[in-house]
Amino acid sequence: MSEIAINEPPKPVYPGTEADDAGFAVYVHWPFCAAKCPYCDFNSHVRHGGVDTMGFADALVRELEFNAGRMAATPQRRVRSIFFGGGTPSLMPPEAVARVINAVGRLWPLDPDAEITLEANPSSVEAGRFRGFREAGVNRVSLGVQSLLDDHLKFLGRLHNRAEAIRALEIANATFPRVSFDMIYARPGQTPEAWREELAEALTLAGEHLSLYQLTIEPDTPFAKLHAAGKFAVPDPDTGRDLYDVTQELTAKAGLPAYEISNHARPGAECRHNLVYWHSGDFVGVGAGAHGRLTLAEGRYATSCERMPEAWRRKVLEHGHGMVTDERLDSVEIADEFLVMGLRLAKGIDTLRYTELAGRALDTNRIADLEEHGLIARVGNRGLRVTMEGFPVLNAVVADLAA
Ligand SMILES: C[S@@+](CC[C@H](N)C(=O)[O-])C[C@H]1O[C@@H](n2cnc3c(N)ncnc32)[C@H](O)[C@@H]1O
Ligand code: SF4
């Protein structure tokens with residue numbers, strides 16, 4: 001039997017080919033927003049002087065072409081999903097979205113039932129634009145509703161109110177076959193009873209998919225400063241736990257159980273794009289600040305692009321791409337990512353795959369210990385998943401297993 005050398009990348013299996021079902025996807029980042037929300041640390045920028053949108057779309061196409069060229073020596077991949085994230089991609093003109101989708105279809109074979117998602121803000125929804133996105137090929141939208149309460153929307157710095165959120169959902173449901181929306185909970189002063197009422201209403205508006213995030217105070221945001229100055233407090237850990245339990249209870253009862261730590265869907269309606277990430281598939285990431293993972297003949301690469309939109313565009317014009325990092329991952333890094341991403345899923349991971357990637361098995365003593373504490377559970381003889389008890393402390397569980 002040949003020995004597997006630690007730290008050497010394993011022999012490539014190419015996600016998105018017939019030999020590997022983890023999938024291949026394209027992520028497109030649109031880095032502009034109408035206003036910056038005080039809690040947000042995504043790569044999003046406000047440009048009061050306007051944006052040369054078609055110029056940026058052309059740069060996105062150029063960067064896609066660069067990536068396709070880079071992959072030319074590897075077996076052909078099929079695109080399972082395209083995701084326009086942001087920022088606020090619903091500020092893009094539909095022609096810009098069409099140009100990018102057409103370029104993807106020209107550069108790679110696109111699955112006939114490929115999922116093509118666009119993130120939208122309720123305030124940038126108007127029916128004409130949505131129809132344009134649909135005509136461009138978008139078949140799923142993810143709306144940033146965040147709350148159904150006007151005073152909470154104001155606190156979150158959102159540009160829309162409750163009525164606009166509900167109207168945006170109506171237009172989305174009438175236009176796209178698949179609709180999801182995001183809510184942020186664990187807001188200051190939010191009680192489990194109040195969240196129960198708001199979530200129950202959200203579930204009456206929900207179709208097949210919901211993303212429910214606990215408010216995180218991200219460093220270097222206006223919320224971080226206000227929070228540090230004692231201007232508001234987030235719910236204490238016990239209340240946070242109760243809010244989480246209410247979330248699991250209500251979504252499960254409504255037929256949208258958690259399939260990932262923050263994502264809920266009717267069985268079969270999971271977000272295929274995110275599943276590519278969580279299954280450690282490959283994805284090309286284009287646009288300012290976008291990340292990618294790409295398996296090439298020499299191994300698996302982690303890429304990231306310049307974050308400042310104008311600097312990114314200049315780089316693309318000069319070099320054909322805006323990448324600022326392009327690192328080959330070693331086998332430990334690949335295996336750790338597989339663990340971090342896969343354990344977010346309710347169904348968990350195949351431990352044999354971890355062993356193949358890492359060149360060593362997970363520590364059975366640590367597994368037994370975490371199992372005894374009720375934080376993880378075995379599934380069959382090879383599977384491992386994080387329990388509902390374990391999800392609130394997922395990072396600690398993963399850190400313990402990976403150590
Ligand atoms: C990239 S944002 C995009 C969506 C769109 N720009 C919007 O805001 O409606 C993705 C989602 O992450 C969530 N999010 C962003 N910052 C967060 C934070 N600090 N805590 C919890 N959720 C957050 C929000 O629900 C948001 O809709
Ligand atoms: S609109 Fe979305 S991406 Fe833009 S600042 Fe707000 S949360 Fe961040």
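A search through the whole structure, which is a predicted model, turns up zero disulfides. Cysteine 271, for one, is in no disulfide: the nearest cysteine sulfur belongs to cysteine 40 and sits 18 Å away. A disulfide would need the two sulfur atoms within 2.5 Å, so at 18 Å this pair doesn't qualify. Both residues are tucked away from the surface, though not equally. Cysteine 271 is buried, with a relative accessible area of 1%, and cysteine 40 is buried too, at 16%. The cut-off for calling a residue buried is under 20%, which means that cysteine 40, at 16%, still counts as buried.

Cysteine 40 turns up again around ligand 2. The residues surrounding this ligand include three cysteines, Cys33, Cys37 and Cys40, along with Ala35, Lys36, Tyr39 and Ser44. Gly87, Thr88, Asn121 and Arg158 complete the set. Sorted by class, the shell around ligand 2 has five nonpolar, four polar and two charged residues.

Some of these names come back at ligand 1. This ligand has 17 residues around it, and those that come nearest are Gly87, Asn121, Gln146, Arg158 and Asp182. Gly87, Asn121 and Arg158 are thus listed for ligand 1 and for ligand 2 as well. By class, the ligand 1 shell breaks down into five nonpolar, eight polar and four charged residues.

What do the side chains offer the oxygen atoms of ligand 1? Aspartate 182 puts a side-chain N or O atom 2.6 Å from a ligand oxygen. For arginine 158 the corresponding distance is 2.8 Å, and for asparagine 121 it is 3.0 Å. Taken alone, ligand 1 exposes 560 Å², and the protein buries 92% of that. As for secondary structure, the elements giving two or more residues to this shell are strand E4 (140–146), strand E5 (178–185) and strand E6 (209–214).

Further along the chain, three strands make up an open sheet, in the order E13-E15-E14, with antiparallel pairing. Strand E13 (349–350) and strand E14 (376–379) stand at the edges; each has a single partner strand, so one side of each is left without a neighbour in the sheet. In general, strands of a sheet pair through backbone hydrogen bonds, in either a parallel or an antiparallel sense. Here, E13 and strand E15 (residues 383–386) pair in the antiparallel sense over two bridges, and isoleucine 349 stands opposite leucine 384 in E15.

Definitions and conventions: Residues numbered from 1 in each chain as written. Chains lettered and ligands numbered in written order. Predicted model: local features only at pLDDT ≥ 70, side-chain atom pairs only at ≥ 80, totals over all residues. Heavy atoms only, no water. Buried < 20%, exposed > 50% of the residue type's maximum accessible area, 1.4 Å probe, protein only. Near = heavy atom within 4 Å. Polar contact = N/O pair within 3.5 Å; in protein donor to acceptor, adjacent residues only side chain to side chain. Areas by Shrake-Rupley, 256 points an atom, 1.4 Å probe, with all protein chains shown as cover. Helix = DSSP H or I, 4+ residues; strand = E, 2+ residues; numbered from the N terminus. Nonpolar A, V, L, I, M, F, W, Y, C, P; charged D, E, K, R; others polar. Pairing = 2+ DSSP bridges.
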